[in-house]
Amino acid sequence: MTPIVRSTVGVAATIRGSHCLRHSLLAVLLAAFAPTALSAQAAPYPTSPPPAAPIEPAEFPPFREATLSNGVRVVVVEQRDHPVVSMSLAFPAGEAYTPVGKEGLSNLLASLLTKGAGTRSAEEIAELIEGAGGSMSASAGPDFFTVNVSMLAPQAGRGFALLGDVVVRPTLPPREIELQRQQLLSGLRLAQGQPAALASRAFFTTLYGAHPYARQATPASVQGITREELVAYKDARLRPGGALLVVAGDIGLAEVQRLAEQAFQGWTGSASEAGTRPPPPARQAGRITLVHRPGSVQSTIIVGNTTFGPRDDGFYPAVVANRILGEGAEGRLFAILREQRGWTYGAYSSLARRRDVGFLVAQADVRTAVTDSAVTEMVAQMRRIGTEPVSAAELAAAKNALVGSFPLTIETASQVAGAVTTARLFGLPDDYLRTYRTKLAAVTAAEVRAAGARVARPDEAVIVVVGDAEKLYDALRAIRPVTIISAQGDTLAPSDLMGATATLRPDPARLVARRDSFAVMVQGNPFGAMVRETVRDGDGWILREVSTIPAAGLDQRTEVRLGPGLALRSLEQRGTAGGQEMRIDVAVAEGRATGSARTPTPQGMRDTTVNVMLPAGAIDDNAVATLLATIPLPASGSFSLPVLASGQGTMKTVAYTVAGRESITVPAGTFDVVRVDAQGEQPVTYWVTASAPYRLVKLALNGGAVEVVLVK
């Protein structure tokens, strides 16, 4: 290609440099193309696009099926033009099957299957997968437990052998159980500070009631899972009878049967049938569930309802209705809430299938001041999709987008295996994937309207709002009756909002001179050390902290000086981070903090001038961990503190939630503590002693991925 490009450039340069040559070339071109040009003038271009060709059924390789000697159903989609083989082994064993009080068990088991199986350790399994050019994962959804393996076709035998080991012969090493438990706990703790996670939990609890879909993992349920329970659940639910193995790629049925029989040798039995599940609660009139998140400057809104089972004939019109309502930036929710009103960065809807009853949901994050208006508009749009006819343009755009994007979801062998697995698990017809596009293309405007009325049902919809209930309650109750709950799910009265806990402040009488040593842990492994010291200083106090994390190049020394009543006097911080010097110097006089800071950011070191008025009771963010332990905390509730982010030169109101009392064990011993969750850009959880001497025992960042634990 390069010589051609160069010669073209050379010809162009020659043409530009030769007047005579330009004219001679022009004459040749006119002579050659004049008849065509005249013909084009006689036949003008069309003013409208040609009609679309009829939608044909998707081209899909035929399924070949068999049943193994132990009862595993096998479906093979032979695709000889694919260089890989993808396997999906699925069971009726999702989170809906976990015992009450053990929520999270299925997910924990899924994370453990690849951490030791047969004679291989977790490291050996990872090396085998990487060496064979493959991938492996396990997951637990609401209804099904699935293990996926993909390998280059010549390595298919290894893939089947590994699949057999992790499903039939997992070792579930105790050390790996604790590591995976901590990772799951970290995610749950992080979610407790995220509005979307709080909204989702409240939504499913309200939507499904006593149905197992309403139950979700909590730190307490995960903490209580034993190895014996994991083994018992695996033995009871991961059985060949009722299992489905879908294989797609460069392999035939006979080879799949041979390799699978070898891999599953000695594996027998059938999972017990699930008992009758209670239906979701019937609602005649909708309520608003308001999740109190004090200090929030925006609200997360979810509006939704139950739909139907996976084989319902109304599925196709409902898919189109959901697309028009809000699946994507072309939907009505996005167009109205973002582009017309400017209330949000995005508003969307989604339609979900479940084995029993699915759901339709719309969601948006908006400013606190427009929360009630956004709720009203979202309900109005859900009503509109079931009462007004959709325009021909909207209908055509929605169907074209859905029909056109479907082939992209079944391009790879892994995608094909996943799509076939889902279709078979839900008991869909054999031709479901082949006819999916044609059935969507046949949906009419009248069917969309009927489907919208059936699934949206705005008058009885579940509405969840996560935000500062003190600011939202009065406006929302003008729309519908409101139930206020805490982030932990406890029902609150309007009088509980902030109220008595809003003025909580550190108590100087609880602060004592002491020196505590901490270990910094990252994903359960020692990573550094911290020493915190509290020293009397005349009528005030000095809080000192020394932190060292060699692997991160962090060495930091901080000194916070407090006056009478623990009022902030000054802050001095020195250290290095990643080989760069950092510092903070702040002094307080006449209610104003002034100084300068040089701190690390993802973009590099940042220099900041500090000049900010301090409200009464302001606490520097470097002193929070010490002073939080001196606050007389209630058994539950929320409060806020004015916090100076000295490194950024700004004041913030940080909201805290008392999550309750518990007992925890750290290297320094076992302590009766109060857990306090701080909300913000980076949620932090503190565990402080419930009785004197009042001190920090543990704190967790990033959902527990980083922990600081008391050593002595």
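How many of the residues of the chain count as buried? Of its 712 residues, 47% do, where buried means under 20% relative accessible area with a 1.4 Å probe, protein chains only. What you see is a predicted model, in which local features need pLDDT of at least 70 and side-chain atom pairs count only at pLDDT 80 or more, while totals for chains, interfaces and linings use all residues. Residues are numbered from 1 along each chain as its sequence is written, and side-chain values use heavy atoms, leaving out hydrogens and water.

Let us start with the whole chain. Its C-alpha trace spans about 100 × 85 × 60 Å along the principal axes. Its secondary structure comes to 19 helices and 30 strands; these are DSSP runs numbered from the N terminus, with at least four residues for helices (H or I) and at least two for strands (E).

Now look at one open sheet. Here 7 strands line up in the order E11-E12-E10-E13-E9-E14-E15, with mixed pairing; two strands pair if DSSP finds at least two bridges between them. Strands E11 (347-352) and E15 (491-492) stand at the edges with a single partner strand each, so one side of each has no neighbour in the sheet.

Helix H12 (residues 332-340) packs on the sheet and touches E11 and E12, a contact being heavy atoms within 4.5 Å. The direction of H12 makes about 160 degrees with that of E11; such angles run from 0 to 180 degrees between N-to-C directions, using axes fitted to C-alpha atoms, for helices over the stretch in contact.

Terms used
Buried means under 20% relative accessible area, exposed over 50%, partly exposed in between (1.4 Å probe, protein chains only).
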